[in-house]
Amino acid sequence: MISDKEAIVIKAIRNALVNFGKCPSLRDLMGTLGYRSPRSVALLINKLISKGVLRRNPSGALRLVMDINNSDNVQTISVPLVGTVACGIPILAEENIESWFPVSTKLAQLPHKYFLVRAKGDSMNQKGIEDGDFLLVRKQETANTGDVIIALVDNEVTVKQYNSSGDTVVLKPCSSNKQHKPIVVTRDFQVQGIVVTTIRNI
């Protein structure tokens, strides 16, 4: 059972992860809760850890493991929100996961695996993907021409439209900003997944 104060902590942590990519500090949570002592906040956090809602990473940073905004009327699965992907680390490695969110099984259809990423910049705005949007991605290593994909190129994750011709692949921006140029690669680059839908706000 989650108390009202614990629910406020969860909401504050979720919002901070979504908007800023990191957990709020104890001082931030003190202000949110109207507490004068960081110890009171720490006790709430420890309770949420014991209930399996929060977990500490090896670095000590908090991670939201379970979201309470799960409706009994909608079938959902938990989908990880992936942060910055480090060189050589698989995209769904624990180090990259900032939080978990319930997503309807009408969007995230089993048995496929899914993840969420933040879009950066305006390179895909003509596909309805704006800076700061969240993308629901179906994890797979192949794509068809016309698919909007998450790709790993030069150890950086990018969102582009996939176009294949023989042994050459063109990762095409779909943008009103003409500064964005296509990326021409051979087949040794990595497809991380296919964008299923764009989510304006979680």
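**A short tour of a predicted model**

Hi everyone. Let's start at the outside: the accessible surface of this protein comes to about 11600 Å², and 49% of that belongs to carbon and sulfur atoms. Please keep in mind as we go that this is a predicted model.

Now for the overall layout. How many helices and strands does the protein have? The secondary structure comes to three helices and eleven strands. If you read along the sequence, you meet them in the pattern α-α-α-β-β-β-β-β-β-β-β-β-β-β, so to speak, helices and then strands. Of the 202 residues in the protein, 40% are buried. As for contacts, take those with a separation of 6 or more: 55% of them are between residues 24 or more positions apart.

Next, please find strand β11 on your screens, at residues 190–199. Which strands pair with β11? One of them is β6, which spans 134–139 and pairs with β11 in the antiparallel sense over six bridges. Within that pairing, you can look for Leu-135, which stands opposite Thr-198 in β11. Another is strand β7, residues 148–153, also antiparallel to β11, over four bridges. Here Ile-149 stands opposite Ile-194 in β11.

Let's move inside. How many cavities of 30 Å³ or more turn up in a search of the whole structure? The search finds one. The largest cavity holds about 40 Å³ of space. Its lining is made up of Ala-119, Lys-120, Gly-121, Asp-122, Ser-123, Met-124, Ile-129 and Val-159. Sorted by character, the lining residues divide into four nonpolar, two polar and two charged.

I'd like to finish with one residue from that lining, Ser-123. Where along the chain does Ser-123 lie? You will find Ser-123 in the loop between β5, residues 114–118, and β6, residues 134–139. Is Ser-123 buried or exposed? Ser-123 counts as buried, because its relative accessibility is 9%, and the cut-off for buried is under 20%.

And what does Ser-123 touch, once we leave out residues up to four places away in sequence? The list is Val-159, Lys-160, Pro-173, Cys-174, Ser-175 and His-180. Val-159 should sound familiar, since Val-159 also appears in the lining of the largest cavity.

To recap, we have seen the pairings of β11 with β6 and with β7, a cavity of about 40 Å³, and a buried serine, Ser-123, in its lining. Thanks for listening!

Terms used. Residues numbered from 1 in each chain as written. Predicted model: local features only at pLDDT ≥ 70, side-chain atom pairs only at ≥ 80, totals over all residues. Heavy atoms only, no water. 1 Å grid on protein atoms, 1.4 Å probe; cavity = no way out; pocket = protein on both sides within 12 Å on 5 of 7 lines; lining within 4 Å. Points joined across faces, edges and corners; volume = space filled by probe spheres on them. Nonpolar A, V, L, I, M, F, W, Y, C, P; charged D, E, K, R; others polar. Helix = DSSP H or I, 4+ residues; strand = E, 2+ residues; numbered from the N terminus. Buried < 20%, exposed > 50% of the residue type's maximum accessible area, 1.4 Å probe, protein only. Contact = heavy atoms within 4.5 Å. Areas by Shrake-Rupley, 256 points an atom, 1.4 Å probe, with all protein chains shown as cover. Pairing = 2+ DSSP bridges.
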